[in-house]
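Please open the structure in your viewer and keep the selection tool at hand. The tour goes from one selection to the next and says what is found at each stop.

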Amino acid sequence: MNTLNELSARFFGLIESDGARLSDKTANEFFCFRKELEKFLTSGKKEDAFTVYFCYSEIFRPFGKGYDNTQKLLETLSDHEYHSGELLTKHRDHYSHSVYVFSLGLAVYANDGAFRKTFSDFYGTDGGKKGAVEFLRLWGLVALFHDVGYPFQLAHEQIKSYAGELWKNIDENLRPFVTFGNIDELASLSPEVSENISKILNTDKSFGNINELLAYGLNLRNGYDESDISGILLKRVTDRPKFMDHGYFSAVILAKQLFLSQNFTFGTDVLDALTAILLHNSLNKFNEIAGQHPITLSEHPLAYLLILCDELQNWDRQAYGKVSKRDPIAWDVALNIRDNELQAEYIFDSPTVVDERGDVRINRSFAEIQQGDFVAKIQMYVKSGLKLAASVKQKTKNKKTSIYASDNNFINLCDFAKAIHASYLDFCKDLDSEYLNASFDKLPLEYKVSNIEQAKSYAHKLELINCFYSSKDLDYPVITDFKTADFGRPGTDNLSFLCRLEHVRWVREKLDFGWKYGTDYTNAEERNKKKIHKDIVPYDLLSEEEQRKDEIMINNIIPLLKKFGNNIRIYKYRDGRKPDLEIGGMGHRFFKDKKEVIKELVKKQLLKYSEKYNVTVRTCYAYGADQLIAECANELGLTTKATLPTDLESYIKIIRKDCEENGYRFSEEDELNMRHLIAQTVVCKTVRDPEHFYLAASMHIIEKCNVLIAIWDGKQIPLEDENKNPINRGGTYHNLMTAKKRLKPNDIIEIECNRF
């Protein structure tokens, strides 16, 4: 079994591995898209789903422009769900759900050669890069926008739920329900648009409204009678006491947005995207069309894939409705996808739930999959040669620890990102919003996403100084500047601390996007092409000019948010949040054990402490255990500090010589890895000892830490020679013995390794 992240990553491999070379700009955009999708599939967070929508909209510009023209369409869905969902009996998230559906479709295309061939034959594309890009464009339009009409269904469901609570004993058909006016206007087409569509589709037919266009599309692919379908669609919003079809509204709204946009190209492929959305919810499922009609892969690949992926995406969806919360769905999934075969293993925290009376019963979601009803239902809706199987597995869900009080709604993220972009300029406070938007729009996608990621990072950064941000009027002290305010850790320079955190975030982002430390360039263009940067170093080694850039940005962000950012303000907690905890790391330089085995043990300890504390990890960054512990901290997104026994350049030379003397080759890659690890530290301090190389640095770590992780073989070594002179000082055993005099036994974690 594989993760969805692994399977969908292969899709971008199809684009990147093709012989025809992408332009540098396009390659960077797709790489950026891939990394943001990976980030979402790792975190499952809505703010990371947002960046996937953003990348798709910026690359393919489905409405003639980038995300600005998409923003309201998607954010309205998310806001309505967040505020209205809990008023309903049954309701789950559709915003992140759509990105999961999108990812699942990419995984099917990349790993099921039979599907890929059918799609390529149907649309006349190749199976390589060009075909993959075309699939990405069409599938993104289908998957990411297939639920944008859900607010219409939400309004209907709200009244239905309210009436049901009030009048439980009254026949459901006699209760009031919501319908919508001006639908004719919503579905209308101007004569100019209608004439243009007829020309593009090469037909003599004239389309008076979107319903007629959709009916034409269903006749084209599924053979449905156009007049019958037109009649059905006219009644999609009238006389509906039990059900309102968001699939219909999604198709009509998306069509309306497309036809209102400038420079939009239309064709039968886009019409297929609209009819796929129309079909996905109820039109085919509940006899709306005479006789149930399972959608086949060969007649309508996009509709087939959307229905399949929409039904399969039954994990990690936030439950809003009261009934939905009673039977939690799976929290994760493992998949096998190959030619004509798809196996899904749904992972549940528990197969049982406790009902409202306190009785233990089987989780209905778990039982539906286990008993085969889940797959049987899907096979009623779609038909192909696909061998489909679903199973269940129980596994305890890890508690999410990176959840913060800051108000990360998606309108705020865009405004926040634009304010950040401008805030690096000394004169930014005099800029107007028009300049701000225009300046941001000119950025390459990678830099737009970088500003958005920086905006997202503020929730965590502010938490570390006992603050949060929100656009709401709250009864908390408002922070007007980061320099003089009394908050955060006692004695901490909060401005400097935020600058250091931002530099670490920037370094990690650059490394994630394939950049490396390097100085072999003469200008920004050459630097960006080579993806090397001289500033991938610890904050303490930056020039004063570079440090000042971060300081300007941090200082400017509060007034800019007030001016441009939807009334976003920085608030101070009345009491501190998680207490701080520093974990020291040390151990042997050379050991036999597999690195990944030891890393899992280290991560387990770091995660345990992260549940209750804001953890910082400090090591000497020596070869072996020190760097391994730092790697674990970075992979978990924790703050790191370095205490080095000498300056960085000298230290690298000493480590290279030490490795060679012990039979190890310290390669250029090892050196680069060490530089990159130390570049991610929020503090890089040098503590020297003229006699014992590691002693002073090690003692500094022991003095500072609350908990110590030691990776060692458990073997005692002499600490004095025959003349009672101290020896082996600053080594792992000596450090451990010193730490045991200062720390409590439970605060020392010893991880055994086999030393060379």
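Is I170 buried, partly exposed or exposed? Bear in mind from the start that this is a predicted model. When you select I170, you are looking at a residue that is partly exposed, because its relative accessible area is 36%, a value that falls between the limit of 20% for buried and the limit of 50% for exposed. Its place is in the loop between α8 (150–166) and α9 (183–186). Now add Y162, L166, W167 and L174 to the selection, and together with I170 you have a nonpolar surface patch of about 530 Å².

**Aromatic rings**

Turn next to the rings, for which a search of the whole structure finds 41 aromatic pairs. Select Y623 and F666, which form an edge-to-face pair with 6.2 Å from centre to centre and 70 degrees between the planes. Y623 lies in the loop between β13 (614–619) and α26 (625–635), while F666 lies in the loop between α27 (648–661) and α28 (668–679), so this pair ties together parts that are 43 residues apart in sequence. Both Y623 and F666 are buried.

Move on to F693 and Y694, whose ring centres are 4.9 Å apart and whose planes meet at 80 degrees, so that this pair, too, is edge-to-face. F693 is partly exposed, with a relative accessible area of 27%, whereas Y694 is buried, with a relative accessible area of 19%.

For a wider view, select F11, F12, F33, F102, Y109, F115, F119, F122, Y123, F135 and W139, which ring pairs link into a cluster.

**Charges over rings**

Select K461 together with Y458, and you will find the charged end of K461 over the ring of Y458, at 4.6 Å from the centre of that ring. Then select K510 and W515, where K510 lies over the face of W515, 3.9 Å from the ring centre.

**Cysteines**

How many disulfides does a search of the whole structure find? The search of the whole structure finds 0 disulfides. To end the tour, select C499, which is buried, with a relative accessible area of 1%, and then C705, which is also buried, with a relative accessible area of 1%.

How values were computed:
Residues are numbered from 1 along each chain as its sequence is written. This is a predicted model: local features need pLDDT of at least 70, side-chain atom pairs count only at pLDDT 80 or more; totals for chains, interfaces and linings use all residues. Side-chain values use heavy atoms; hydrogens and water are left out. Rings of Phe, Tyr and Trp (its six-membered ring) pair if their centres lie within 6.5 Å; planes under 30 degrees apart count as stacked, over 60 as edge-to-face and the rest as tilted. Helices (H or I, at least four residues) and strands (E, at least two) are DSSP runs, numbered from the N terminus. Buried means under 20% relative accessible area, exposed over 50%, partly exposed in between (1.4 Å probe, protein chains only). A charge sits over a ring if NZ of Lys or CZ of Arg is within 6 Å of the ring centre and within 35 degrees of the ring normal. Patches are made of residues with over 30% relative accessible area and no salt bridge: like charges are joined within 9 Å, nonpolar side chains (Val, Leu, Ile, Met, Phe, Trp, Tyr) within 5 Å. Accessible areas come from the Shrake-Rupley method with a 1.4 Å probe; for residues, only the protein chains shown count as cover. A salt bridge is a side-chain nitrogen of Lys or Arg within 4 Å of a carboxyl oxygen of Asp or Glu. A disulfide is a pair of cysteine sulfur atoms within 2.5 Å.
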